[in-house]
Amino acid sequence: MMTDLELQHNLRQCIQKVATGPEYSKDLSYEEAYQAMRYMLTGQADPVQIAVYFIALRMKRETEAENRGTLQAIIDTATIQTAKVAQVVDLSDPYDGYVRGIPASSFVPAVLAALGEYAVIHGLQQVGPKYGATHHKILQAAGLQVNLSPAAACQQLEQIGWTYLDQSQFAPALHALIPIRQRMIKRQILTTVETLIGPIRGAEQTHCMGGYVHTAYPPIYAYLARQAGFNSALFVRGVEGGIIPSLQQAGKAFYYPAAGELTQWDLSPTPLGIEASTRAIPLPDDLPPAQDELSTTVNSDALAERSAQLGLAALGGEKGLMYDSIVYASAILLTHLGRYPQLTDAAHAVRTVLDNGRALAVFKAAA
């Protein structure tokens with residue numbers, strides 16, 4: 001391990017390499033990116049240098065080695081728990097939340113738990129570039145604890161089958177960089193890698209389900225998931241980069257099994273009996289305006305409240321777009337894991353635990 005002085009010198013050298021313009025900027029090695037991130041996580045790095053480094057990487061375009069090195073540095077400084085269960089499913093939604101529709105994925109883990117899967121969802125209260133409604137805000141609005149310690153979250157997972165874990169608890173050094181990220185405004189490498197830390201692992205296997213928007217990202221997320229040690233991964237082209245595909249039209253996902261190649265999976269809501277005129281649950285007309293300078297598009301707290309209301313109703317069997325969203329995402333993952341032979345079979349199982357109240361009971365057990 002480098003000394004603090006050596007780490008500081010490494011960051012300076014990395015900045016000199018990546019911040020020399022479109023013609024002369026050079027890519028970093030895995031080790032250089034790893035050590036630069038390790039230093040930034042010590043809390044001793046100059047905030048200006050951190051911002052220059054991240055922006056220069058973004059302008060140059062991050063490489064595989066830079067992405068992997070950055071992710072591994074975060075994993076090595078985070079608190080990673082191993083649960084006393086054979087398999088864990090890690091649901092990795094964007095940490096900056098949702099602003100274009102009412103999010104539904106916060107309720108998927110409880111459904112999976114009701115069907116015998118151990119599921120973890122993670123995030124943070126608020127971060128850019130969207131500053132939207134996050135899992136933290138939605139679950140808090142639903143009356144759940146959102147600041148469990150890693151050990152307590154792991155215990156909750158073992159006891160009731162699902163849990164939420166906040167970045168402030170499992171990766172406090174990374175979380176401490178949020179003020180700098182807010183001042184930088186734009187998306188950077190941390191936005192890409194932070195969802196793939198995998199804060200709670202299964203004793204035998206851990207599987208990842210994430211989302212994407214841009215077509216270049218499935219291979220990126222796949223090699224990051226392999227770097228993090230996930231046994232399999234599934235990436236859905238979801239609304240706002242989340243795990244729920246469009247309810248209105250055909251979609252796609254990419255997945256890899258253990259030691260397998262990344263493969264495309266064509267999806268459609270129609271065979272599941274899902275028919276919608278919109279891609280996702282539309283924003284309500286009466287949503288109050290944003291109340292601070294960060295949330296420039298929607299009032300994320302009010303949006304989280306609405307998501308909590310609709311989510312609890314759907315977990316109790318109330319039909320609608322929230323119900324359909326939960327069914328679709330849950331069925332996709334269960335089919336990927338091989339728990340059901342067809343997507344329609346998985347959807348039927350999900351509807352059963354929604355309609356009989358089992359999913360709602362499992363969700364409320366986390367209160």
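## Cavities

This predicted model holds three cavities of 30 Å³ or more. The largest of them has a volume of about 130 Å³. It takes 14 residues to line that largest cavity, and the ones closest to its centre are Y98, I102, V239, I244 and A280. Sort the lining by class and you get nine nonpolar, three polar and two charged residues.

## The two largest pockets

Now for the open spaces. The largest pocket takes in about 750 Å³. Its lining runs to 34 residues, with D96, P129, K130, R187 and T191 closest to the centre. If you want to find the pocket by secondary structure, look at α3, β6 (205-212) and α12, the elements that give two or more residues to its lining. By class, that lining is made of 15 nonpolar, 10 polar and nine charged residues.

The second largest pocket comes in at about 240 Å³. Sixteen residues would be a fair list to click through here: of the 16 that line this pocket, G238, V239, S246, Q249 and R279 lie nearest its centre. The class split is six nonpolar, five polar and five charged. V239 turns up in the list for the centre of this pocket and also in the list for the centre of the largest cavity.

## Salt bridges across the chain

The model has 12 salt bridges. Take K60 and D27 to begin with: their closest N and O atoms sit 2.7 Å apart. K60 is in helix α3 (residues 47-60), while D27 is in the loop between α1 (4-18) and α2 (30-40), so this pair ties together parts that are 33 residues apart in sequence. K60 counts as buried, with a relative accessibility of 18%, whereas D27 is partly exposed at 47%. There's a small network here too, since salt bridges that share partners join D27, K60 and E66.

K130, which we met near the centre of the largest pocket, pairs with E240 at 3.0 Å between the closest N and O atoms. This bridge links distant parts of the chain: K130 is in the loop between β3 (119-123) and α6 (135-141), E240 is in the loop between β7 (232-237) and β8 (251-256), and 110 residues separate them. Are these two partners buried or exposed? K130 is buried because its relative accessible area is 18%, under the 20% cut-off. E240 is buried as well, at 9%.

E194 and R181 make another salt bridge, at 2.9 Å from N to O. E194 belongs to the loop between α11 (189-193) and β5 (200-201) and R181 to helix α10 (residues 178-184), so the bridge connects parts 13 residues apart in sequence. Both E194 and R181 are buried.

## Helix α4

E66, part of the network with D27 and K60, also shows up among the buried residues of α4. This helix (residues 64-77) has 14 residues and reaches 20 Å from first C-alpha to last, close to the 20 Å expected at 1.5 Å a residue.

Which residues of α4 are buried? The list reads E66, N67, G69, T70, L71, Q72, A73, I74 and I75. And what do they pack against? Their partners are α2, α3, α9 (172-175), α11, β5 and α12 (217-228). Two of those names are familiar from the largest pocket, as α3 and α12 each give two or more residues to its lining.

Conventions:
Residues numbered from 1 in each chain as written. Predicted model: local features only at pLDDT ≥ 70, side-chain atom pairs only at ≥ 80, totals over all residues. Heavy atoms only, no water. Salt bridge = Lys/Arg side-chain N within 4 Å of Asp/Glu carboxyl O. Helix = DSSP H or I, 4+ residues; strand = E, 2+ residues; numbered from the N terminus. Buried < 20%, exposed > 50% of the residue type's maximum accessible area, 1.4 Å probe, protein only. 1 Å grid on protein atoms, 1.4 Å probe; cavity = no way out; pocket = protein on both sides within 12 Å on 5 of 7 lines; lining within 4 Å. Points joined across faces, edges and corners; volume = space filled by probe spheres on them. Nonpolar A, V, L, I, M, F, W, Y, C, P; charged D, E, K, R; others polar. Expected span 1.5 Å × (residues − 1). Contact = heavy atoms within 4.5 Å.
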